[in-house]
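Q: Please take a close look at one residue and its surroundings. Then work outwards from there, step by step, so that a first-year student can follow along on the screen.

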Amino acid sequence: MEYNFAVAGCDEKMKSCKQRLNELGFGADCLDSEQIKDTIRRYRNIVLPLPTLSNGCIAGVPFDEFCGLLDNEQTVFCGNTAPEKFPCRAFSYYSDEGFLIKNSRLTAQGVLKIVLDNIRTDLHTMNTAVIGYGRCGREICRIMKRNGADVTSFSRRMQTFAAAENDGMKTDSIGNINKKLCKYDVIINTVPFNIIEKSGLECLTQRNMYIEVASRPYGFNISGTDTFNFRYVLAESLPGRFTPVSAGMNIADTVAGILREEKSNE
(Lines give C-alpha, C1' and ligand atoms only; values in the text may rest on other atoms or scores of the structure.)
Protein backbone atom coordinates (compact mmCIF):
# COMPACT_ATOMS: atom_id res chain seq x y z
CA MET A 1 0.00 0.00 0.00
CA GLU A 2 1.22 3.51 -0.81
CA TYR A 3 0.42 5.02 2.57
CA ASN A 4 0.65 3.56 6.04
CA PHE A 5 -1.02 5.42 8.92
CA ALA A 6 -0.70 5.47 12.67
CA VAL A 7 -3.99 6.61 14.15
CA ALA A 8 -3.38 8.12 17.59
CA GLY A 9 -5.96 6.89 20.07
CA CYS A 10 -8.14 3.82 20.45
CA ASP A 11 -11.56 5.25 21.29
CA GLU A 12 -14.54 4.53 19.06
CA LYS A 13 -14.01 7.64 16.95
CA MET A 14 -10.39 6.84 16.12
CA LYS A 15 -11.18 3.17 15.54
CA SER A 16 -13.77 4.34 13.02
CA CYS A 17 -11.13 6.58 11.42
CA LYS A 18 -8.77 3.63 11.14
CA GLN A 19 -11.46 1.40 9.63
CA ARG A 20 -12.41 4.05 7.09
CA LEU A 21 -8.77 4.48 6.04
CA ASN A 22 -8.61 0.70 5.54
CA GLU A 23 -11.76 0.85 3.40
CA LEU A 24 -10.13 3.55 1.28
CA GLY A 25 -7.18 1.27 0.61
CA PHE A 26 -4.67 2.54 3.16
CA GLY A 27 -2.82 0.60 5.82
CA ALA A 28 -3.69 1.92 9.28
CA ASP A 29 -3.27 0.94 12.92
CA CYS A 30 -4.74 2.47 16.08
CA LEU A 31 -2.07 3.12 18.72
CA ASP A 32 -2.57 3.68 22.45
CA SER A 33 -0.14 5.80 24.48
CA GLU A 34 2.39 3.00 25.06
CA GLN A 35 2.29 1.90 21.43
CA ILE A 36 2.83 5.50 20.34
CA LYS A 37 5.98 5.70 22.46
CA ASP A 38 7.29 2.37 21.16
CA THR A 39 6.33 2.34 17.48
CA ILE A 40 5.34 5.78 16.17
CA ARG A 41 8.51 6.14 14.07
CA ARG A 42 7.55 3.10 12.00
CA TYR A 43 4.78 5.12 10.38
CA ARG A 44 5.26 7.80 7.77
CA ASN A 45 1.78 9.29 8.30
CA ILE A 46 0.09 10.02 11.63
CA VAL A 47 -3.55 11.00 12.19
CA LEU A 48 -4.25 12.82 15.44
CA PRO A 49 -7.62 13.06 17.22
CA LEU A 50 -10.01 15.97 17.60
CA PRO A 51 -9.55 17.68 19.92
CA THR A 52 -5.89 17.06 19.22
CA LEU A 53 -4.81 18.10 22.71
CA SER A 54 -6.52 16.88 25.88
CA ASN A 55 -4.98 18.22 29.12
CA GLY A 56 -1.80 18.97 27.19
CA CYS A 57 -1.54 15.42 25.80
CA ILE A 58 -2.06 13.69 22.47
CA ALA A 59 -3.74 10.32 23.06
CA GLY A 60 -2.28 10.26 26.57
CA VAL A 61 1.25 11.32 25.59
CA PRO A 62 2.42 14.80 26.70
CA PHE A 63 2.68 17.10 23.69
CA ASP A 64 6.41 17.83 23.98
CA GLU A 65 7.18 14.14 24.46
CA PHE A 66 5.02 13.26 21.45
CA CYS A 67 6.83 15.78 19.25
CA GLY A 68 10.17 14.37 20.44
CA LEU A 69 9.16 10.98 19.05
CA LEU A 70 8.73 12.33 15.50
CA ASP A 71 11.30 12.78 12.74
CA ASN A 72 11.26 15.24 9.86
CA GLU A 73 10.37 12.55 7.33
CA GLN A 74 6.93 12.00 8.84
CA THR A 75 3.65 13.75 8.07
CA VAL A 76 1.12 14.64 10.75
CA PHE A 77 -2.59 15.27 10.20
CA CYS A 78 -3.85 17.23 13.19
CA GLY A 79 -7.15 18.71 14.30
CA ASN A 80 -7.49 22.05 16.09
CA THR A 81 -3.77 22.53 16.77
CA ALA A 82 -1.54 24.72 14.62
CA PRO A 83 0.48 22.57 12.15
CA GLU A 84 3.60 24.68 12.72
CA LYS A 85 3.84 23.38 16.29
CA PHE A 86 5.00 20.00 14.99
CA PRO A 87 8.65 19.28 14.09
CA CYS A 88 7.72 17.76 10.73
CA ARG A 89 5.37 18.37 7.82
CA ALA A 90 1.82 18.79 9.14
CA PHE A 91 -1.66 19.52 7.85
CA SER A 92 -4.77 20.49 9.80
CA TYR A 93 -7.86 18.62 8.65
CA TYR A 94 -9.76 20.99 10.94
CA SER A 95 -9.10 23.82 8.48
CA ASP A 96 -10.88 21.96 5.67
CA GLU A 97 -14.24 23.57 4.90
CA GLY A 98 -15.92 20.27 4.01
CA PHE A 99 -14.81 18.75 7.30
CA LEU A 100 -16.13 21.73 9.27
CA ILE A 101 -19.52 21.62 7.55
CA LYS A 102 -19.95 17.91 8.30
CA ASN A 103 -18.69 18.37 11.85
CA SER A 104 -21.18 21.20 12.42
CA ARG A 105 -24.03 18.94 11.33
CA LEU A 106 -22.92 16.27 13.81
CA THR A 107 -22.62 18.93 16.52
CA ALA A 108 -26.20 20.05 15.86
CA GLN A 109 -27.43 16.46 16.17
CA GLY A 110 -25.65 16.22 19.52
CA VAL A 111 -27.31 19.43 20.74
CA LEU A 112 -30.74 18.12 19.77
CA LYS A 113 -30.06 14.91 21.70
CA ILE A 114 -29.08 16.89 24.80
CA VAL A 115 -32.27 18.94 24.56
CA LEU A 116 -34.50 15.90 24.09
CA ASP A 117 -32.82 14.08 26.96
CA ASN A 118 -33.29 16.98 29.35
CA ILE A 119 -36.69 18.53 28.66
CA ARG A 120 -40.06 17.28 29.82
CA THR A 121 -42.19 19.40 27.48
CA ASP A 122 -43.10 19.39 23.81
CA LEU A 123 -40.33 20.83 21.64
CA HIS A 124 -43.02 22.79 19.78
CA THR A 125 -43.70 24.83 22.93
CA MET A 126 -40.06 25.82 23.44
CA ASN A 127 -38.50 29.21 22.82
CA THR A 128 -34.88 28.69 21.82
CA ALA A 129 -32.07 31.24 21.55
CA VAL A 130 -28.99 30.33 19.51
CA ILE A 131 -26.09 32.73 19.97
CA GLY A 132 -23.94 32.99 16.85
CA TYR A 133 -24.77 32.06 13.25
CA GLY A 134 -21.54 30.54 12.02
CA ARG A 135 -21.37 26.95 10.79
CA CYS A 136 -22.45 25.40 14.10
CA GLY A 137 -24.97 28.09 14.95
CA ARG A 138 -26.64 27.75 11.59
CA GLU A 139 -26.91 23.95 11.75
CA ILE A 140 -28.23 24.11 15.34
CA CYS A 141 -30.87 26.68 14.36
CA ARG A 142 -31.94 24.53 11.42
CA ILE A 143 -32.24 21.27 13.34
CA MET A 144 -34.12 22.89 16.22
CA LYS A 145 -36.52 24.64 13.85
CA ARG A 146 -37.09 21.45 11.82
CA ASN A 147 -38.07 19.71 15.04
CA GLY A 148 -40.63 22.33 15.98
CA ALA A 149 -38.84 24.77 18.28
CA ASP A 150 -39.39 28.52 18.02
CA VAL A 151 -35.84 29.68 17.23
CA THR A 152 -34.22 33.11 17.46
CA SER A 153 -30.69 33.62 16.15
CA PHE A 154 -28.58 36.23 17.96
CA SER A 155 -25.65 37.59 15.96
CA ARG A 156 -23.59 40.73 15.34
CA ARG A 157 -23.17 41.31 11.62
CA MET A 158 -25.66 42.31 8.94
CA GLN A 159 -24.64 39.42 6.70
CA THR A 160 -25.39 36.85 9.42
CA PHE A 161 -28.73 38.55 10.11
CA ALA A 162 -29.51 38.23 6.40
CA ALA A 163 -28.39 34.58 6.27
CA ALA A 164 -30.51 33.67 9.29
CA GLU A 165 -33.57 35.49 7.98
CA ASN A 166 -33.10 33.85 4.59
CA ASP A 167 -33.21 30.49 6.42
CA GLY A 168 -36.51 31.48 8.04
CA MET A 169 -35.16 32.27 11.50
CA LYS A 170 -36.18 35.06 13.81
CA THR A 171 -33.19 37.31 14.46
CA ASP A 172 -31.94 39.67 17.14
CA SER A 173 -28.73 41.48 18.05
CA ILE A 174 -26.23 39.94 20.43
CA GLY A 175 -26.27 43.31 22.14
CA ASN A 176 -29.80 42.49 23.39
CA ILE A 177 -29.04 39.01 24.67
CA ASN A 178 -28.56 39.82 28.37
CA LYS A 179 -31.86 41.64 28.79
CA LYS A 180 -33.80 38.98 26.84
CA LEU A 181 -32.10 35.81 28.05
CA CYS A 182 -34.74 34.77 30.59
CA LYS A 183 -37.56 34.52 28.02
CA TYR A 184 -35.91 31.50 26.39
CA ASP A 185 -36.41 27.94 27.60
CA VAL A 186 -33.16 26.84 25.94
CA ILE A 187 -30.10 29.02 25.32
CA ILE A 188 -27.40 27.56 23.08
CA ASN A 189 -24.12 29.44 22.78
CA THR A 190 -21.69 28.92 19.90
CA VAL A 191 -19.58 32.06 20.40
CA PRO A 192 -16.21 31.59 22.21
CA PHE A 193 -16.31 34.95 24.01
CA ASN A 194 -17.63 36.07 27.40
CA ILE A 195 -20.72 37.89 26.11
CA ILE A 196 -23.22 36.77 28.78
CA GLU A 197 -23.19 39.12 31.76
CA LYS A 198 -24.03 38.41 35.39
CA SER A 199 -27.26 40.40 35.04
CA GLY A 200 -28.43 38.06 32.29
CA LEU A 201 -27.55 34.92 34.22
CA GLU A 202 -29.20 36.06 37.45
CA CYS A 203 -32.64 36.13 35.84
CA LEU A 204 -32.48 32.46 34.79
CA THR A 205 -34.21 29.71 36.76
CA GLN A 206 -34.50 25.91 36.65
CA ARG A 207 -36.93 26.45 33.79
CA ASN A 208 -34.02 27.59 31.63
CA MET A 209 -31.33 25.35 30.17
CA TYR A 210 -28.04 26.81 28.92
CA ILE A 211 -25.99 24.65 26.54
CA GLU A 212 -22.38 25.69 25.93
CA VAL A 213 -21.15 24.49 22.55
CA ALA A 214 -18.37 27.05 22.14
CA SER A 215 -14.75 26.45 23.04
CA ARG A 216 -12.91 28.39 25.75
CA PRO A 217 -13.36 30.98 27.11
CA TYR A 218 -17.06 30.08 26.53
CA GLY A 219 -20.01 32.47 26.60
CA PHE A 220 -19.34 33.41 30.21
CA ASN A 221 -16.99 32.47 33.04
CA ILE A 222 -18.31 28.99 33.84
CA SER A 223 -16.40 28.75 37.12
CA GLY A 224 -19.34 30.55 38.74
CA THR A 225 -22.13 28.32 37.47
CA ASP A 226 -22.81 26.92 40.96
CA THR A 227 -23.92 30.35 42.13
CA PHE A 228 -26.75 30.52 39.60
CA ASN A 229 -30.10 28.74 39.53
CA PHE A 230 -30.35 27.33 36.01
CA ARG A 231 -29.49 24.11 34.21
CA TYR A 232 -26.06 24.28 32.59
CA VAL A 233 -24.59 21.78 30.11
CA LEU A 234 -20.98 22.01 28.90
CA ALA A 235 -21.27 20.36 25.49
CA GLU A 236 -17.79 20.23 23.97
CA SER A 237 -16.70 17.71 21.32
CA LEU A 238 -20.25 16.55 20.58
CA PRO A 239 -19.48 14.62 17.36
CA GLY A 240 -17.08 12.33 19.23
CA ARG A 241 -19.51 11.89 22.12
CA PHE A 242 -22.73 11.12 20.25
CA THR A 243 -21.77 10.16 16.69
CA PRO A 244 -18.21 8.79 17.00
CA VAL A 245 -18.44 6.50 13.96
CA SER A 246 -19.41 9.35 11.63
CA ALA A 247 -16.91 11.68 13.31
CA GLY A 248 -14.08 9.22 12.69
CA MET A 249 -15.11 8.64 9.09
CA ASN A 250 -15.14 12.40 8.55
CA ILE A 251 -11.54 12.65 9.75
CA ALA A 252 -10.41 9.80 7.49
CA ASP A 253 -12.23 11.12 4.42
CA THR A 254 -10.71 14.58 4.92
CA VAL A 255 -7.19 13.20 5.36
CA ALA A 256 -7.62 11.16 2.17
CA GLY A 257 -8.78 14.31 0.37
CA ILE A 258 -5.71 16.23 1.55
CA LEU A 259 -3.48 13.43 0.20
CA ARG A 260 -5.29 13.44 -3.16
CA GLU A 261 -4.82 17.20 -3.47
CA GLU A 262 -1.15 16.90 -2.54
CA LYS A 263 -0.61 14.23 -5.14
CA SER A 264 -2.40 16.21 -7.85
CA ASN A 265 -0.07 19.17 -7.14
CA GLU A 266 3.11 17.14 -7.51
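A: Start at R41. Setting aside neighbours within four places in sequence, R41 is in contact with G68, L69, L70, D71 and Q74. Keep in mind that this is a predicted model. R41 sits in the loop between helix 2 (33-39) and strand 3. Is R41 buried, exposed or partly exposed? Its relative accessibility is 47%, so R41 counts as partly exposed. The cut-off for exposed is over 50%, and buried means under 20%. Now look from R41 towards D29. The two are twelve residues apart in sequence, and their C-alpha atoms are 13 Å apart in space.

D29 leads to a sheet. Strand 2 covers 27-31 and is an edge strand. The sheet is open, has five strands and follows the order 2-1-3-6-7, with parallel pairing. At the other edge is strand 7 (89-92), and each edge strand pairs on one side only. From one strand to the next, the twist averages 20°. Strand 2 pairs with strand 1 (residues 4-8) in the parallel sense, over five bridges. To find one place along this pairing, look for V7, which stands opposite C30 in strand 2. One general point helps when you look at strands. In a regular strand, side chains alternate between the two faces of the sheet.

A59 gives another view of this region. A59 lies in the loop between strand 4 (57-58) and strand 5 (61-62). Leaving out residues up to four places away in sequence, A59 touches A8, G9, S33 and I36. A8 falls within strand 1, residues 4-8. S33 and I36 fall within helix 2, residues 33-39. A59 counts as partly exposed, because its relative accessibility is 25%. For a long view, find T121. A59 and T121 are 62 residues apart in sequence, and 40 Å separate their C-alpha atoms.

Next, see what covers the sheet. Helix 1 (residues 12-23) lies across strand 1, strand 2 and strand 3 (45-47). Helix 1 runs at about 170° to strand 2. Helix 1 also packs against helix 10 (residues 244-264), at an angle of about 45° and with the axes 7 Å apart. That angle makes helix 1 oblique to helix 10. The crossing of these two helices is right-handed. On the helix 1 side, the contact is made by E12, K13, M14, S16, C17, R20 and L21. On the helix 10 side, P244, V245, A247, G248, M249, I251, A252 and D253 take part. By class, the residues of this contact divide into nine nonpolar, two polar and four charged.

Now turn to a second sheet. Here six strands form an open sheet in the order 10-9-8-11-12-13, again with parallel pairing. Its edge strands are strand 10 (170-173) and strand 13 (231-234). The twist averages 20° from one strand to the next. Strand 8 (residues 127-131) is largely enclosed by the rest of the structure, because four of its five residues are buried. Strand 8 pairs with strand 9 (residues 150-155) in the parallel sense, over five bridges. Within that pairing, V130 has S153 as its bridge partner in strand 9. Strand 11 (residues 186-189) and strand 12 (residues 209-212) run parallel and are joined by four bridges. There, N189 has E212 as its bridge partner in strand 12.

What lies across strand 11, strand 12 and strand 13? Helix 4 does, and it runs at about 155° to strand 12. Helix 4 spans residues 97-118 and holds T107. T107 is buried, since its relative accessible area is 6%. Beyond its neighbours within four places in sequence, T107 is in contact with C136, V213, L238 and P239.

C136 points the way to helix 5 (residues 135-146). Helix 4 and helix 5 pack at an angle of about 45°, with their axes 8 Å apart. The two helices are therefore oblique to each other, and their crossing is right-handed. Many residues meet here. From helix 4 they are E97, L100, I101, S104, R105, T107, A108, Q109, V111, L112 and V115. From helix 5 they are R135, C136, E139, I140, I143 and M144. This contact has ten nonpolar, three polar and four charged residues.

Conventions
Residues numbered from 1 in each chain as written. Predicted model: local features only at pLDDT ≥ 70, side-chain atom pairs only at ≥ 80, totals over all residues. Heavy atoms only, no water. Pairing = 2+ DSSP bridges. Axes fitted to C-alpha atoms, helices over the stretch in contact; angles between N-to-C directions. Contact = heavy atoms within 4.5 Å. Buried < 20%, exposed > 50% of the residue type's maximum accessible area, 1.4 Å probe, protein only. Parallel < 35°, antiparallel > 145°, perpendicular 65-115°, else oblique. Left-handed = near helix turned anticlockwise from the far one by under 90°. Nonpolar A, V, L, I, M, F, W, Y, C, P; charged D, E, K, R; others polar.
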